[in-house]
Amino acid sequence: MVLERFKDVLHRCYKCGHCRTTGPAMFYTNCPSYDKFKFETYTAGGKINLAKAVFDKKLDWSDRMIDILFACPTCGNCETNCVYPLHENVLGIIEAARAEAVDAGVTLPGNQRTFGEHLGKEHNPYIEPHSKRLDWLPKDINLPNESETVYFVGCTSAYRQKMLAQDTVKVFNKAGVDFTIMKDEWCCSSPLLRTGQWETDYVSAPQIAQHNIEEAKKIGANKIVTTCAGCYRTWKKDYLESYGWLLNSKHEFEVLHTTELLETMIKNGEIELPNEINMRVTYHDPCHLGRHVGLYDSPRNVIREIPGIELVEMRRTRENSWCCGSGGGVKAGFSDWAVELAYDRVREAEKLEVDALVSACPFCWRNLDDAIKQNNSKLKMYDVIQLVRQSMGI
Ligand code: SF4
Ligand code: SF4
């Protein structure tokens, strides 16, 4: 039983409810799942107590329990707000309970159940052909076969928000970064890790992690740069301390988010931002970048360097940020709710009378933009890399 790993802490949930309404979010609900479904078991404490009951063999999985366990974007607000000696394990327990349910042969919600087949056959969750993974690459950009720096593109930028991958390589190229990409990059494995599908009939999370690490080594890399918050967490945290035991994926690469690299290069004068962008904007912290890994300042520092931009903060910001709704399998499993959650965030931004919502993750970009378009909001959606490219005048 995977939950065996947590047997010494499973009983430490005191059912206090801090993971849904207290802590820094004193005056409002901080759990999107509880906010939507308004039933205690949807909170982290509720999910942990479900997991304990299954572990103690007092409950068998039911469709209702699966719905509750998987209706959660793994935003991590619960982990941030849990004040008891369990707190660093909250998300780990939720994901382990999911793996337990998958092992028991349950049917997962919506398209979550297709992740294994899609990642096994085409190495991306969108079932796009692997042979077309590099189609986004502009024809006039030639990349070397080997480099110490690998830009790990990720599935969403490779197949959906291609403009973000294109802007990233244009900016790196113009700034003279010596980098390349993997010719045989596979999905980082985040969709499988987050939904407990660690072993599937088609591929396993360890196979994927080990493949990507081997590919990076072949290129001669010592640094991995990602534009995607999900890939960033997976390379930086899951391949190492969170799931190193499962994935056998220890590595020594330095893992950077694009905004960290941009921040350093701007500071060193290697990137110049001559063009003004006259906009009032607010920044949405991707959960997998902020709460999960603690990267809050680099994206903001880059935005502040762009002439003409005024950056203002939403009420729920940094470690208290409201999730965009797309992570943890929610976009695939509960697609309408994912956009509903994103629209909460869009409305929060609208209250600030900003021109644009800015984020630093293609998956957040996609879901927030879906909410903007479906609700005819006047907001524009940007990723930090798009603003940098525009200000560089390329
Ligand atoms: S990860 Fe987010 S949605 Fe899931 S239980 Fe925790 S606070 Fe609620
Ligand atoms: S998970 Fe933590 S914050 Fe939530 S009810 Fe349990 S002890 Fe309280």
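**Group meeting: three domains, one ligand shell, one sheet**

Okay, so the C-alpha centres of domain 1 and domain 3 sit 27 Å apart. Before going on: this is a predicted model, where local features need pLDDT of at least 70, side-chain atom pairs count only at pLDDT 80 or more, and totals for chains, interfaces and linings use all residues. Residues are numbered from 1 along each chain as its sequence is written, while chains are lettered from A and ligands numbered from 1 in the order in which they are written.

The chain splits into domain 1 (2-103), domain 2 (110-263) and domain 3 (271-392), with bounds from an automatic or database domain assignment. Where domains 1 and 3 touch, 14 residues come from domain 1 and 16 from domain 3; contact means C-beta atoms, placed from the backbone, within 7 Å. On the domain 1 side, helix 2 (32-37) and helix 5 (77-81) each give at least two residues. Helices here are DSSP runs of H or I, at least four residues, and strands are E runs of at least two, numbered from the N terminus.

Now, which elements give two or more residues to the shell around ligand 1? Helix 2 and helix 5. Among the shell residues are C31, C72, C75 and C78, a residue counting as near if its C-beta atom, placed from the backbone, lies within 6 Å.

Last stop, an open sheet of four strands, order 5-4-6-7, paired in parallel; pairing takes at least two DSSP bridges. Strand 5 (309-312) and strand 7 (380-383) are the edges. Strand 4 (279-283) and strand 6 (356-359) share three bridges, and V281 stands opposite A356 in strand 6.

Note on methods
Contact = placed C-beta atoms within 7 Å.
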